[in-house]
Amino acid sequence: MAQEARAASVEKPLQRSVDESARSGKPRSRFMAYVALTKPRVIELLLVTTAPVMFLAAQGMPNIWLVLATLVGGAAAAASASVFNCYIDRDIDAKMHRTENRPLVTGEISPRNALIFAFVLGIGSIFWMGGFTNWVAAGLTAIAILLYAVFYTIMLKRHTTQNIVWGGAAGCMPVLIGWSAVTGGVSWEPLILFLIVFFWTPPHYWPLAMKYKADYDAAGVPMLPSKVPPATVGKQIIWYSWAMVLSTLALVPVAPMGPIYIVTAVAAGAWFMYEAYALVSRAKKGLTGTRLRAMKLFHGSITYLSVVFLAVAIDPFFNPFVG
């Protein structure tokens, strides 16, 4: 799932201090080691797709306490899934340069304590959501944790090049959770938003996997860029990018969405497609490594998703099609 990509993405102060202390050889505090297990960057991006959906579901300003409760529960659930992932993947994390400083690899936290931590976070998040939002959202939270910890990490990651495609469903769950927290159910709007994130995941993750191809080869993880040439990966990125952009446009008549979202979705989609085709063009020319500039699309994809979901949040306040 794309959570691992997010964990290697944009530098943030908290995660930067966690990583830098590990790389410098200085012992980090036990607290910071536990924080590192939760992959804070993952949590941040997942919450970026949760809150805006709640504004759309409420067609305006949702109850602020409900938003805060949902974000707290969602953060705990994402943290739980990440800790389970670190526990299960501690053997291959030791073989990969970008994950070799994770606390279970360095021995700062024991596997037993990490597993207890994961269960406490996971069970706590489910009951938190049930108590402060509703049990539909709580059930979806439980499914999200299972999708990442079991379906992706155990069943898919080490066994198929399509691991990130189907495993990415876990990263799509926050939109369903956010919507159900407000409405008590699920409808077509959050399902389309689910598809946007689902189709976004491969174009987001595969450029990162291109850069860290040697890591995945060393760990024996069959990520697509480790098994096929960059040009072939690029073609699949194009297909998923088109599906993603078309999904953003499909939301317009269903919600319905107003001019702010429409303009943003079209402009951001055009930019994303340009960058995706540019990556494919460089791959077809035989460029590799830093010359391929795969990380440009990776980092750009984070901005793209953030901008689109920001438009989702703002649009209800200025939408002339909703009375």
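**Helices, aromatic contacts and backbone exceptions**

Biologist: Which residues of α3 are buried?
Modeller: The model is predicted. Helix α3 covers residues 30-37, and 6 of its 8 residues are buried, so the helix is largely enclosed by the rest of the structure. The buried residues are M32, A33, Y34, V35, A36 and L37.

Biologist: Which residue with a positive phi follows α3?
Modeller: The residue is found in the loop between α3 and α4 (40-48). At 3% relative accessibility it counts as buried, because the cut-off for that class is under 20%. Its phi is about 55° although it is not a glycine. The residue that follows α3 is K39.

Biologist: Is Q59, which also has a positive phi, buried, partly exposed or exposed?
Modeller: Most residues other than glycine have a negative phi. Q59 has a positive phi near 55° and lies in the loop between α5 (51-58) and α6 (64-88). Its relative accessible area is 31%, which falls between the 20% and 50% limits, and therefore Q59 is classed as partly exposed.

Biologist: What is the omega of the peptide bond from A255 to P256?
Modeller: Most peptide bonds are trans. P256 is found in the loop between α16 and α17. The bond from A255 to P256 is cis, with omega near -10°.

Biologist: How many aromatic pairs does a search of the whole structure find, and how is the pair of Y148 and Y152 classed?
Modeller: The search finds 13 aromatic pairs. In the pair formed by Y148 and Y152, the ring centres are 5.6 Å apart and the planes differ by 5°. Since planes under 30 degrees apart count as stacked, this pair is stacked.

Biologist: Why are Y148 and Y152 separated by about one helical turn?
Modeller: An α-helix has 3.6 residues a turn, so residues three or four places apart point the same way. Both Y148 and Y152 are buried. They belong to helix α10 (residues 135-156), and the spacing of about one turn arises because they are 4 residues apart.

Biologist: Which class, stacked or edge-to-face, describes the pair of W206 and Y240?
Modeller: This pair links distant parts of the chain, 34 residues apart: W206 is in helix α13 (residues 188-211) and Y240 in helix α16 (residues 230-254). W206 counts as buried at 0% relative accessibility, and Y240 counts as buried at 17%. The ring centres lie 5.8 Å apart with the planes at 75°, so the pair is edge-to-face.

Biologist: Which residues form one aromatic cluster with W206 and Y240?
Modeller: The edge-to-face contact between W206 and Y240 belongs to one cluster. The other members of that cluster are W166, F194, F198 and F199.

Biologist: Over which ring does the charged end of R98 sit?
Modeller: Elsewhere, R90 lies over the face of Y87, at 4.4 Å from the ring centre. For R98, the charged end is 5.6 Å from the centre of the ring, which is that of Y212.

Biologist: What is the area of the nonpolar surface patch that includes I260?
Modeller: I260 is in helix α17 (residues 259-284) and is partly exposed, with a relative accessible area of 31%. The patch is made by M61, I260, L310, I314, F317 and F318, and its area is about 580 Å².

Biologist: What is the radius of gyration of the protein chain?
Modeller: The chain has 18 helices and 0 strands, and 58% of its 323 residues count as buried. Its C-alpha trace spans about 60 × 50 × 35 Å along the principal axes. A compact globule with 323 residues would have a radius of gyration near 20 Å, and in agreement with this the chain has 19 Å.

How values were computed
Residues are numbered from 1 along each chain as its sequence is written. This is a predicted model: local features need pLDDT of at least 70, side-chain atom pairs count only at pLDDT 80 or more; totals for chains, interfaces and linings use all residues. Side-chain values use heavy atoms; hydrogens and water are left out. Rings of Phe, Tyr and Trp (its six-membered ring) pair if their centres lie within 6.5 Å; planes under 30 degrees apart count as stacked, over 60 as edge-to-face and the rest as tilted. Helices (H or I, at least four residues) and strands (E, at least two) are DSSP runs, numbered from the N terminus. Buried means under 20% relative accessible area, exposed over 50%, partly exposed in between (1.4 Å probe, protein chains only). A charge sits over a ring if NZ of Lys or CZ of Arg is within 6 Å of the ring centre and within 35 degrees of the ring normal. Patches are made of residues with over 30% relative accessible area and no salt bridge: like charges are joined within 9 Å, nonpolar side chains (Val, Leu, Ile, Met, Phe, Trp, Tyr) within 5 Å. Accessible areas come from the Shrake-Rupley method with a 1.4 Å probe; for residues, only the protein chains shown count as cover. A salt bridge is a side-chain nitrogen of Lys or Arg within 4 Å of a carboxyl oxygen of Asp or Glu. The radius of gyration is taken over C-alpha atoms; the globule rule is 2.2 Å times the number of residues to the power 0.38.
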